[in-house]
Structures are given as structure tokens and as C-alpha cells.
Protein chains: 2
Amino acid sequence: MSDHLTKILLSEDQIPTHWYNIAADLPISAPPHLHPATQQPVKAEDLAAIFPPGLIEQELSTERWIEIPEEVREIYRLWRPAPLYRAYRLESALGTRARVYYKYEGASPIGSHKANSSVPQAYYNKLAGITRLTTETGAGQWGAALAFACSVFGLACDVWQVRNSYETKPYRRMQMETYGATVTPSPSARTETGRAMRERFPDTPGSLGMAISEAVEEAARDPHANYSLGSVLNHVALHQTVIGQEALLQLESVGERLPDHIFACTGGGSNAAGISFPFLHRNLTAGANVRVVGCEPAACPSLTAGEYRYDFGDTANQTPLLKMYTLGADFVPDPVHAGGLRYHGMAPLVSAAYDQKLMDAVAIKQRDAFAAGVLFARAEGILPASESNHAIAGAVAHLQAAEDDGDGQVVLIGVSGSGQLDLPAYADYLSGQMLDA
Amino acid sequence: MSDHLTKILLSEDQIPTHWYNIAADLPISAPPHLHPATQQPVKAEDLAAIFPPGLIEQELSTERWIEIPEEVREIYRLWRPAPLYRAYRLESALGTRARVYYKYEGASPIGSHKANSSVPQAYYNKLAGITRLTTETGAGQWGAALAFACSVFGLACDVWQVRNSYETKPYRRMQMETYGATVTPSPSARTETGRAMRERFPDTPGSLGMAISEAVEEAARDPHANYSLGSVLNHVALHQTVIGQEALLQLESVGERLPDHIFACTGGGSNAAGISFPFLHRNLTAGANVRVVGCEPAACPSLTAGEYRYDFGDTANQTPLLKMYTLGADFVPDPVHAGGLRYHGMAPLVSAAYDQKLMDAVAIKQRDAFAAGVLFARAEGILPASESNHAIAGAVAHLQAAEDDGDGQVVLIGVSGSGQLDLPAYADYLSGQMLDA
């Protein structure tokens, strides 16, 4: 049977020992983050109120390989190396001669790739003597990942969840609480920002912007607390590169060549960075020619319809200015189901790679994303996350267009998470009621 | 790092080639199922109206090893071999010197061990020319497993779901529909039984008994349809023995000895049979001394408080008479969260093993089960299914009682599924409101 493995597994001693930092290899250096008041590049001390030294160093680093602490690799063992699947049954369903693989991050304890960064973030904060982390969450994937990581390292975890999600999507809140986190609907009475918002908009359903402001305010106020962000920033993209490094090794282990095309969903950018940067490293330093396609929601198309300019990371304009593809910090996307992709900007490192033509992007409508997700689930069994469906749809459209070629191309799809907690979105699609956005 | 593996993995060519049938090795043969009218042992032809020949043969077989068809092993590859974890972090949390392992079935596409039997059941029905399977489901785990298997083999899947679950636990229904199944709240207007029940009890929330009756009626009516059951019967216990066979091989692969104790949750009995029978085989044929502990809910304690006698498998008294530990076919357990364990009887093969003192049993209250589940989730990351929490609680109580011994005993826990869709039960526990049953 071993001639046609469905799951390509690695042993735990093959968990990467270093994260890969594409900042070292970009042909043109990524523009620095700027201090919003001075417009000068941010310095380590500007970030020290809310981030620990270990993460600040990574955020500003241009070193190519950054060692993964043994304590972090120890926790990664709970689910890493993550499996790479050969999608035999999807290939049959599509009638393609392409060899299709998918890297699956949904088997992490919290069901998505987010744990790859929450664990080191909790670790470096613990190391710095921090006892509590604050964060914001929308649908709750990042909040759940941080709650898990905090439970591992014995930190308190304080999550502000957008009120509308808190009330209508209770499963993720329950998941965060099971890991011991405190979850507060935002805007809350616990912070100045929150109280001001509640006074001004008594019936507000909340927003990610407000929740960020509350979490940052609380972290800045308490010397024992720090703030934690689940995407966008350089150190988050860095942590996620374990995904692509493993996929490289897995393809090699079965004698497969480098993929011709990689499809990854892009929201804040950390998942796309994670799976693609180690392959871009091969393009940049070893003459490889892997095409990377970021698959973004048509409702929030920062790469395909945004501008490349300095913008704030949050709606309250409190963060450093980041050079990124952006739809504007006040852009409010349609309420599509892929909550993890509803972000106005794109990670500065992904933005730089896209600007330098190192990767492509396509915008995917959510009905097409879910059509691909249902096809995938019925063929492969695994139910993908709403976000991941965008990558699958990008790959399916590509393979269907290339159907007559039958050229034996190699396609790699990043399936960033499980859709078990996204079932209402599938039901919405199957009922024919899904918003055509 | 390889000296202390967290996940013990096998390759796909180590998926078992045969199912293990304990009926061949029981010191006293398991009493046969009886025809309810004649009180004589059922014959193959008595079962032919609703089961295909391949499954009937397995139901009545006393052959020790039954070959797994290559087409079934091919689908098993999507998630098997399932991982065996060394629970290092749980050991630390408990302060025990025991070596604790858990076999995790929650990584199957539908999140539980049920797919181990739904796939061969769909396969043998397909082979027999059947085009549609009917079944009942309560909370929905079995329905989801059969929906997945039917989507794999191109069969229609018709699930009657207890109305109360249909209305209050919509995620599993959405999961079934995503795999293409038709889900009907029971009692329904689609069957005679259903119509009669609706007339008699217009406001009934439904019951498993009614749903079974509807699914069986529909299968018996349509020559192209068969009925499918997710536990209790011999062929279902048989299919699940891939779990224990893999665990045996995994322990051997790291040089571990046989476990001193195995803890498995018991509802209908297929999960407990699956993980334990291959170890009981070693006890019965090779002088091993593995203690197996069935962990049942205190609210539905068929082994620890039931009688060993012939009883019906359903409340409508339509099935063959099964010799089993039973609380009576009309027993209605308290509405505990572990829906998969709320069954009045115990699989005849598990019952025979228990009667012959080949295994032990304990009854676990659900608050204790969830206390153990939360401890497990915070230590190991994985959130166990409500049912699995009973096995974990059994193991934790045992380890805490043995704490001072520090004797390096080996404990194996069967974690039969993921609790992602059981989060409301965790919330109920954490809120302090959980029924003390």
C-alpha cells in the first residue's frame, strides 16, 4: 500500500528547528513600520509597553533563520508536524491528472494554524515575566488559540470578543472559557474606550477595531500584562513558516518535485506567509519557480483592489503605521462567513512580496468558496474552515481551467483549519441563502 | 527529541488487514440473538430484509479474523492509523509516575470512532446493490458518520434525528447535510410509525426508539434501501477493533509493555469493544493480564446496575432479542450530555465479556466526567467528546487513588472523539449548572 500514501507524515524530530524570515531575502527590503507621531521607523522601545523583548526582536529582525525555543517545539509536538495529504479523491472528483496535495492545520487542538503563533507568543511573554495576555477576537479562532497557549504556560488570558460574535457564535467563546480564558463582549465597561463607545453607541454590535482598542488599553495600563496579535505583524508571519517548511520536507520525502502552484487563503496574511515563504525562499535563493496564489475574499480584497501605502492596523489609529496593501483602516467589509479574512490590510511582508511580484492573488466570492468546500468535504472527508475554502476554490478553478492540459502539474493547497465550528456557514450555503459577496 | 515521542504514529501499510472477532475466543460462547416471534436463534434470512449479506455473515460469525476489504482500508487511509499519544502533560498535572497513553479517534473526518464502522457498512451495502441507507441518530454522531460513508460510496443517506436534538443541536444536522444526507426530525409524517406517534403525542420531542422504528420501517419497505446501526451489534463491535489493534502495535513500536489498565467509555459498547478486544485476545490466548474498565454514565449504568438477560434493542420491540446487560428497553435515562452513552443495553459481546469476568466496569457522574475533560483539555490541548470524558474520569480517579504507589504502571485511555461540537456541555459544566447525574 505504501506506494500511494494518502497522509504524508513526519516524525517529531522533524519539527523545524528554526523559523524562516523572508525579510532576509526580499530583493527590496520591506519598508519599516513607522511611529504614528514621529513618522520615523519604530524602535524596540516604542513597542515595549505591549510586547515582550523576544517578540520585538523578531518583529524588527532581518536574520534569515531564527531558532525555535525547545520549550515551544515541545508544545508543537502536541500536533506538529501537521499532515500533508495527497488529495486522491479530490483529483478523481475533478477528473484532473494534476497531483494535488493539501497541508492540513485543522488537527491542532484549537482547529487552526493560529496555535503556531499563539504558543511562541505566550512563551516569550512568560519568559519576560508577564502574567496575563490581552487580545481581541472576532469569530474567535485567534482568541481560542491564545487561550490554549496561555493555559499551557500558566498565563491568564483576557479576550475582548466583538459583541455580535459573542452573542451569535457562542461555541468559540465556550472553547476559550474551557481553556480558562476570560471572555468579555466588546465594547465593555472594563476600559475607558469601551465605556466611551457604549455611551456613544448604546446598541453597537461592536467591531474588531473597538476590541483591539480595549485589549491594547488594558495591556498598556497593567505592567504585568501584554497584548497579543494573531496575524499581520512580522513575528506572526515568521512563526507560521513551520507550515511551509514541513510541506517542503513532506513533498521531498515522497520524491515529489516542488509544487507548480500553491493556493493559500489570505486575510491578515499569516497563513499565506506560513505556507508560502519557505517556497519563496527556494525561488529567491535556489532558482525554483513555485507560483504562489493568495486567495482573498471578494468582499475584502486588499491585495487585488487595495492600495500599497502606509496605514494603521486598527480602526482607532493607535498602532504603528504599516506599509501594506490596504482598503483603508475604516473599511467595513460585507459580513461574509470567513471572519478570519475580514481585515482591511495585508501583512507587510506579504504585501512586500506581492508588490515585488513574488506572488499572485485572486479574489474569490464566498459562494464559490463554499461550493469548493462542499466538494472537498464530500471527496476528502475533512470539512475545511470557511477561510480555507477560498484556497480550495482558487485551486479548483485553476484545475478546472487546466483540465484539458493533463500535464501532471503539482498543486499544493493550504487548508488552514477545520470547519467544524463553521457549520452554520455551510448550512447557509446549502440553503441557497448565502450572500453573493 | 525522538526519545520522548508525544504522538506515536504508524504508516498506512500498518492499518490492520483483519478485524478481530472475540466470539472466537470467549471461554463461553456468546448466546445467540433470538427471533422475537419464535424465540429461536436468528438465521441469516431473518436479517436479510434490512442488512446486506456481508454484514449478516459478520454478525453471525465465530471466525477469529475477518479480512478488511481493500476498498475499506483505502478509505480508512483518510484518517487511520489514528494517533496514540503519550499524555506527558496530563501525567505532570496529576503528579503521577504512571505512563499514560491515549488513543485518539477524534481526528476522523467526522470527529469520532463511528466512521470505523460506517465505512464498511456503506461498503457492504453498496456491494449488495443497495442505493440508500436509513438510520436513526440522537445527538448526531452516528448520523454524521453514516452520511460521510454514504458520500464516499455514492449512496443516498436518510437519517431520522430525534426531534429534540434536531431542533436544539443543529450543528450535527448541518454536518450530515453537508455530506449530502437527508435529515428528518422524528417522529415524521414520512412513515406509518411516525404518523401514529404524531397523532398520539402531538408535542413529543421524539426518542431514539421512535427514530429507529421509522428508519427500520423505511428500509423494510424499499427493496433498494437497507438499515444501518452504529453500535451494539456484533459486526459493529468487530469493525471497531482496528482501534485496539493499532494501539497494541503503537505501544510495541516504542518498546512499551502491555497496559496494566485500559479505560474506555461504554454506551452501546462498540467503542469499548474496539479498543479492548484486541488486548483481551492477548489475555485469552497469550497469558497477558490487561485490566479493561468500561466507564459508563451513572445516569445509564447498564453494566453496573443492569440485568444480564434477553431484551429488545429498541423501545418499539421490533429487533431480535439480544442477550445483554440491560436496564430494560423502556428505560429512559436522565438527559445527560453524553448522548452517545444513553442506551439502555450493552453490546452482546461486551456483555458476555463482562459476565465472564473478562472486564470491569465503573459508573461515572457527568460532573466528574467533565471535570476530568477540562483537566485533560488544559493539559493536552485536545478537547475530548462528552462520552470520552467518562473514560478519562475513570483513569484520573484510578491514578489519583494510586498516586502514592508511583509504581510506573501503564494506563491506556480510549478517547473516542473530539468535543468541538460538545462545547455547550462544557459551558454547562463551567457555569456550575450541570445536572448532578
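**Close-up views of a predicted model**

**Figure 1. Lys357(A) is found in the loop between α15 and β14 (360-364) of chain A.** The model shown here and in the other views is predicted. Most residues other than glycine have a negative phi. Lys357(A), a residue other than glycine, has a positive phi near 60°. Its relative accessibility is 73%, above the 50% cut-off, so Lys357(A) counts as exposed.

**Figure 2. Gln39(A) also has a positive phi, of about 60°, although it is not a glycine.** The residue belongs to the loop between β2 (18-20) and α1 (44-47) of chain A. Because its relative accessibility is 45%, Gln39(A) counts as partly exposed.

**Figure 3. Two cis peptide bonds in chain A precede Pro81(A) and Pro187(A).** Most peptide bonds are trans. The bond that joins Arg80(A) to Pro81(A) is cis, with omega at about -10°. Pro81(A) is placed in the loop between α3 (70-76) and β4 (84-86) of chain A. The bond between Ser186(A) and Pro187(A) is likewise cis, and here omega is about 5°. Pro187(A) lies in the loop between β8 (182-186) and α9 of chain A.

**Figure 4. Glu199(A) is part of helix α9 (residues 192-200) of chain A.** With a relative accessibility of 70%, Glu199(A) counts as exposed. The view also includes Val254(A), which is 55 residues from Glu199(A) in sequence. In space, the C-alpha atoms of Glu199(A) and Val254(A) are 60 Å apart.

**Figure 5. The rings of Tyr325(A) and Tyr354(A) form an edge-to-face pair.** A pair of aromatic rings is described by the distance of the centres and the angle of the planes. Over all chains, 29 aromatic pairs are counted. In the pair shown, the ring centres of Tyr325(A) and Tyr354(A) are 5.1 Å apart and the planes stand at 80°. This angle is over the 60 degrees required, so the pair is edge-to-face. Tyr325(A) comes from strand β13 (residues 321-326) of chain A, and Tyr354(A) from helix α15 (residues 348-355) of chain A. The pair therefore ties together parts that are 29 residues apart in sequence. Tyr325(A) and Tyr354(A) are both buried.

**Figure 6. Phe51(B) and Tyr227(B) form a tilted ring pair.** Their ring centres are 6.3 Å apart and their planes meet at 50°, so the pair is classed as tilted. The two residues link distant parts of the chain, 176 residues apart. Phe51(B) sits in the loop between α1 (44-47) and α2 (53-60) of chain B, while Tyr227(B) sits in strand β9 (residues 225-227) of chain B. Phe51(B) counts as buried because its relative accessibility is 9%. Tyr227(B) counts as buried as well, at 4% relative accessibility.

**Figure 7. Tyr76(A), Trp79(A), Phe148(A) and Tyr179(A) are linked into a cluster.** The links between these residues of chain A are ring pairs.

**Figure 8. Two charged side chains of chain A, those of Arg173(A) and Lys323(A), are placed over tyrosine rings.** Arg173(A) lies over the face of Tyr166(A), 5.0 Å from the ring centre. Lys323(A) has its charged end over the ring of Tyr308(A), at 4.5 Å from the centre.

**Figure 9. Cys150(B) and Cys157(B) are shown in a structure with 0 disulfides over all chains.** A disulfide is a covalent bond between the sulfur atoms of two cysteines. Cys150(B) takes part in no disulfide, and the nearest cysteine sulfur to its own, at 4.0 Å, is that of Cys157(B). Cys157(B) is also in no disulfide; its nearest cysteine sulfur is that of Cys150(B), again 4.0 Å away. The separation exceeds the 2.5 Å cut-off, so the pair is not counted as a disulfide. Cys150(B) is buried, with a relative accessible area of 1%. Cys157(B) is buried too, its relative accessible area being 5%.

**Figure 10. The largest cavity encloses about 700 Å³ of space.** It is lined by 39 residues, of which Tyr104(A), Gly106(A), Ala107(A), Tyr104(B) and Ala107(B) are the closest to its centre. By residue class, the lining of the largest cavity consists of 26 nonpolar, 10 polar and 3 charged residues. The structure as a whole holds 5 cavities of 30 Å³ or more.

Terms used:
Residues numbered from 1 in each chain as written. Chains lettered and ligands numbered in written order. Heavy atoms only, no water. 1 Å grid on protein atoms, 1.4 Å probe; cavity = no way out; pocket = protein on both sides within 12 Å on 5 of 7 lines; lining within 4 Å. Points joined across faces, edges and corners; volume = space filled by probe spheres on them. Nonpolar A, V, L, I, M, F, W, Y, C, P; charged D, E, K, R; others polar. Phe/Tyr/Trp six-rings, centres within 6.5 Å; stacked < 30°, edge-to-face > 60°. Helix = DSSP H or I, 4+ residues; strand = E, 2+ residues; numbered from the N terminus. Buried < 20%, exposed > 50% of the residue type's maximum accessible area, 1.4 Å probe, protein only. Lys NZ or Arg CZ within 6 Å of the ring centre and 35° of its normal.
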